[in-house]
Amino acid sequence: MSAISKCIRPAIALWPSTAYNGIRRYSTPAKTPLPLEGVRVLDMTRVLAGPYCTQILGDMGAEVIKIEHPVRGDDTRAWGPPYATYKEQSNADGPGEAAYFLGANRNKKSLGLSFQHKQGVDILHKLAAKCDILVENYLPGTLKKYSMDYETLRKINPSLIYASITGYGQTGPYSSRAGYDVMVEAEFGLMHITGQRDGPPVKVGVAVTDLTAGLYTSNSIMAALLGRAKTGKGQHIDVALSDCQTATLANIASSCLISGKKDTGRWGTAHPSIVPYRSFKTKDGDILFGGGNDRLFGVLADGLGKPEWKGDAKFKTNADRVANRDELEAMIESVSQQKTTEEWLQTFEGKGLPYAAVNDVQATLNHEHTKARNMVVEMDHEACGPIKMVNTPVKFSETQPSIRSVPPTLGQHTDEVLAEHLGLSKSDISTLKEQGVVR
């Protein structure tokens with residue numbers, strides 16, 4: 001089925017089922033396809049923002065064909081340790097598959113291809129004609145010299161949804177700059193509001209701007225698919241890390257716009273207008289308490305064995321507590337350090353107070369709630385054996401996204417893609433490999 005004909009295919013029929021609390025629920029036929037099943041994606045991205053976007057599309061059922069340099073592959077294949085080591089019988093060279101790459105490339109097929117060769121560009125053009133979506137994260141103008149820009153491809157496939165992810169977008173004074181997460185965090189406000197109150201600005205512990213851009217892009221692509229179902233036309237989606245970062249300043253940006261004043265700076269784990277609302281040291285770690293109103297402060301005071309704080313004029317209302325922040329927080333921490341984190345968790349269990357242990361990543365992955373929500377799964381990797389992976393986070397009632405295939409080895413699906421989608425023979429593919437066009 002061509003990309004154009006697919007864009008106008010009818011939606012899957014829904015059958016009325018039972019009503020629940022006055023809301024009619026719908027059921028679908030047995031073995032309902034995943035939401036994006038039948039959608040094909042040409043993935044020309046690397047590192048994190050782009051691969052994270054296309055991984056989401058793959059989780060939702062899309063067929064994702066990842067184009068990689070035939071020798072190096074995605075940059076993150078070399079970003080280790082740690083690596084999932086190869087099994088002895090795999091005959092694979094090197095230390096293994098990099099954990100970084102494994103974290104953003106499940107549910108994809110790898111096609112090792114060089115578009116420095118004219119034959120490589122020809123292959124990409126033929127694939128683009130059969131795809132619904134193309135995602136790329138090259139500097140603006142880079143792909144034009146290879147005839148892989150949107151204006152060229154829309155003539156080949158008018159229904160193609162073409163998404164470009166860059167640091168600073170396709171226009172503007174910074175558009176020609178290479179943009180990386182930490183630079184965007186710095187220049188567009190996030191780093192300035194992250195860190196301890198009297199400490200230096202720091203980056204977020206994960207590349208959150210990359211991830212946000214990937215999420216915005218995947219969401220926009222799905223909206224574009226809905227739009228295409230009405231018009232039959234594709235479009236170009238321009239996503240900039242800088243724009244996504246500015247947008248996710250959210251309420252802090254709104255406060256600055258409305259007040260006309262600077263932001264209030266870094267607050268660590270604390271809140272600028274609620275006290276107490278931060279992490280406190282315990283005997284063996286840290287715990288976060290959220291006394292968001294006067295009643296909850298009373299719960300906290302009772303749990304800490306300090307009921308007299310409730311009647312203290314300095315702490316009676318939130319405004320009082322904000323005015324006496326330093327004194328109150330010091331008093332809380334002098335008590336919190338007397339017990340372990342687990343003892344405090346037990347103390348406040350069921351009391352209605354917002355509280356949480358401050359866990360490291362291993363503790364998070366082994367957390368009872370993480371396990372109950374099936375957020376870590378074990379998969380069998382052909383070259384590495386059993387590997388544990390973070391699962392897709394969204395739960396659907398009817399068509400649950402899942403990890404259907406582990407991240408591919410470099411060029412693992414070259415033969416399959418070229419034969420299945422372009423009809424190339426084994427001999428044709430062997431010739432392309434000998435010429436260095438594909439791997």
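**Aromatic rings in a predicted model**

Let me begin with one residue, Phe 115, which is buried in this predicted model, its relative accessible area being 14%. It counts as buried because that value falls under 20%. Its partner is Tyr 146, which at 17% relative accessibility is also counted as buried. The ring centres of Phe 115 and Tyr 146 lie 5.0 Å apart with the planes at 75°, so we call this pair edge-to-face. Please look at where the two residues sit along the chain: Phe 115 is in the loop between strand E7 (109–112) and helix H4 (118–129), while Tyr 146 is in the loop between strand E8 (133–136) and helix H5 (150–156), so that the pair links distant parts of the chain, 31 residues apart.

Now, how many aromatic pairs does a search of the whole structure find? The search gives 10 of them, and one is formed by Trp 79 and Tyr 100, again edge-to-face, with 5.1 Å from centre to centre and 90° between the planes. Because Trp 79 belongs to the loop between strand E4 (63–68) and strand E5 (83–84), and Tyr 100 to helix H3 (residues 99–102), this pair ties together parts that are 21 residues apart in sequence. Here Trp 79 is partly exposed, at a relative accessible area of 40%, and Tyr 100 is likewise partly exposed, at 33%.

Rings can also join into a cluster, as Phe 280, Phe 289, Trp 344, Phe 348 and Tyr 355 do through ring pairs.

Finally, let me turn to charges over rings. Arg 177 lies over the face of Tyr 174, 3.7 Å from the ring centre, and Arg 197 lies over the face of Trp 267, at 3.8 Å from the ring centre.

Terms used:
Residues numbered from 1 in each chain as written. Predicted model: local features only at pLDDT ≥ 70, side-chain atom pairs only at ≥ 80, totals over all residues. Heavy atoms only, no water. Phe/Tyr/Trp six-rings, centres within 6.5 Å; stacked < 30°, edge-to-face > 60°. Helix = DSSP H or I, 4+ residues; strand = E, 2+ residues; numbered from the N terminus. Buried < 20%, exposed > 50% of the residue type's maximum accessible area, 1.4 Å probe, protein only. Lys NZ or Arg CZ within 6 Å of the ring centre and 35° of its normal.
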